[in-house]
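The exercises that follow are meant for someone meeting this structure for the first time. Work through each task with the sequence and the model in view before reading its solution.

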Amino acid sequence: MAGVTMEWESRLGRRLRVRDLYILSTVVKCGGMAKAARELAMTQPAVSDAIANLELLLRVRLLDRSPRGIEPTHYADALLKRASTVFDELKQGVRDIEFLADPTSGNVRVGCAESFMAGLLPAIIEKLAQRYPKITVHADYAQHATAEFRELRERNVDLVIGRISEPFPQDDLTTEPLYEERYYVVVGAQNPWARSRKVSLGDLANEQWIHMPPNNIISDLISAAFAKQGVPVPQQRVASLSMHLRTQLVANAGFITIMPNSMFQFNAKRWGLKALPIDLGIKGRNVSIVTLKHRTLSSVVQVFIEHARLASRQLGQETN
């Protein structure tokens with residue numbers, strides 16, 4: 001064990017530079033020394049020297065030349081896989097220092113579907129901004145869970161707000177449930193159906209409906225809800241993932257749609273929306289915060305998560 005320690009200290013610990021690792025990652029990303037040098041604002045010989053220094057320290061070849069440019073060897077791939085974690089932890093450390101120096105500032109990167117951007121996320125940011133006006137939230141759109149989690153695994157976002165189905169097979173991710181998502185049939189407050197105390201899906205078959213596009217998990221759930229009640233899915237007049245479009249048409253043009261509870265509750269008063277007394281029979285799914293297991297979260301990200309919990313508690317009450 002002592003020999004391993006001495007090997008690290010004498011050959012790598014005192015000579016390996018994070019800067020050289022970053023140069024290597026940039027060369028691989030750019031596919032060439034010249035492009036990397038321009039991006040790094042360095043000379044090409046300086047870039048070459050950094051790569052040579054790494055190869056000398058590690059005693060392996062890191063880059064191969066090919067007709068398509070420079071390609072990483074499997075040694076470089078292995079090194080950069082670990083280096084990405086080093087870069088991320090250093091960035092998190094800098095963010096922690098910035099937050100300690102000024103607890104009212106910092107950056108959070110969030111990945112989520114548009115339905116959360118139209119409901120839950122604004123509610124979180126509203127609460128967050130009241131106490132921490134200098135915190136900046138970067139919201140990245142990702143509709144499908146696979147895309148969202150890829151961004152998380154690549155450390156492009158700090159956390160994902162997403163719908164989680166059980167069992168959750170992602171062993172490298174951690175989830176924290178926020179609330180159970182429910183679905184409502186929604187009309188504008190001026191729609192004649194808004195005054196109905198008893199109404200069924202069959203009664204609405206000939207109305208103007210806004211649907212989600214096909215091949216979507218929520219679309220499949222809605223189709224199953226209609227089938228369960230023995231009612232064919234109404235013909236769509238508009239099909240869109242855009243929550244802004246759906247809200248506008250429901251509030252102002254007499255359309256009917258189905259909304260998740262977070263989007264409905266946080267927008268009902270503002271847009272004059274009404275949930276009809278229809279039980280769709282859709283099994284609720286947990287909306288959760290998803291983070292990368294074993295990744296250190298910065299203090300500002302933890303502050304964001306705490307405000308996500310606060311905003312989610314509002315959804316604990318049944319919406320009328």
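**Exercise 1. The second largest cavity**

Work out how the lining of the second largest cavity divides into nonpolar, polar and charged residues, and which element gives the most to this lining.

Solution. Keep in mind that the model is a predicted one. Begin with the classes: the lining of the second largest cavity has eight nonpolar residues, no polar ones and one charged residue. Next, put names to them, since this cavity is lined by Tyr-183, Met-212, Ile-218, Ile-222, Met-243, Arg-246, Ile-258, Met-259 and Pro-260. Of these, Arg-246 is the charged one, because Arg is placed in the charged class while Tyr, Met, Ile and Pro are placed in the nonpolar class. Then turn to the elements: helix 9, helix 10 (243-253) and strand 10 (257-260) are those that give two or more residues to the lining, and strand 10 gives the most, with three residues. Finally, the volume of this cavity is about 40 Å³, and the count of cavities of 30 Å³ or more comes to two.

**Exercise 2. The largest pocket**

Describe the lining of the largest pocket by residue, by class, by element and by domain.

Solution. The largest pocket has a volume of about 690 Å³. Its lining is made of 20 residues, and those nearest the centre of the pocket are Leu-80, Ser-84, Thr-85, Phe-87 and Glu-154. Sorted by class, the lining holds six nonpolar, five polar and nine charged residues. As for the elements, helix 2 (18-30) and helix 5 (74-101) each supply at least two residues of the lining, with helix 5 giving the most, namely 10 residues. At the level of domains, at least three lining residues come from each of domain 1 (18-86) and domain 2 (102-181 + 285-313).

**Exercise 3. Aromatic pairs**

Find how Tyr-184 and Phe-264 are arranged as an aromatic pair, and then do the corresponding work for Trp-209 and Phe-226.

Solution. The structure holds three aromatic pairs, and two of them are treated here. In the pair of Tyr-184 and Phe-264, the ring centres are 5.6 Å apart and the planes are at 45°; the pair counts as tilted because this angle is neither under 30 degrees nor over 60. The two residues belong to distant parts of the chain, with Tyr-184 in strand 7 (residues 183-188) and Phe-264 in helix 11 (residues 261-271), 80 residues apart. Tyr-184 counts as buried because its relative accessibility is 8%, and Phe-264 counts as buried because its value is 2%.

For Trp-209 and Phe-226, the centres are 5.6 Å apart and the planes are at 75°, which is an edge-to-face arrangement. This pair, too, links distant parts of the chain, as Trp-209 lies in strand 8 (residues 209-211) and Phe-226 in helix 9 (residues 217-228), 17 residues apart. Both Trp-209 and Phe-226 are buried.

**Exercise 4. Two helices**

Compare the span of helix 12 with its expected value, and decide whether Arg-153 is buried, partly exposed or exposed.

Solution. Helix 12 (residues 299-313) has 15 residues and reaches 22 Å from its first C-alpha to its last, close to the expected 21 Å. Among its buried residues are Val-300, Phe-304, His-307 and Ser-312. Arg-153 lies in helix 8 (residues 145-153), and Arg-153 counts as partly exposed because its relative accessibility is 33%.

Key
Residues numbered from 1 in each chain as written. Predicted model: local features only at pLDDT ≥ 70, side-chain atom pairs only at ≥ 80, totals over all residues. Heavy atoms only, no water. Phe/Tyr/Trp six-rings, centres within 6.5 Å; stacked < 30°, edge-to-face > 60°. Helix = DSSP H or I, 4+ residues; strand = E, 2+ residues; numbered from the N terminus. Buried < 20%, exposed > 50% of the residue type's maximum accessible area, 1.4 Å probe, protein only. 1 Å grid on protein atoms, 1.4 Å probe; cavity = no way out; pocket = protein on both sides within 12 Å on 5 of 7 lines; lining within 4 Å. Points joined across faces, edges and corners; volume = space filled by probe spheres on them. Domains from an automatic or database assignment. Expected span 1.5 Å × (residues − 1).
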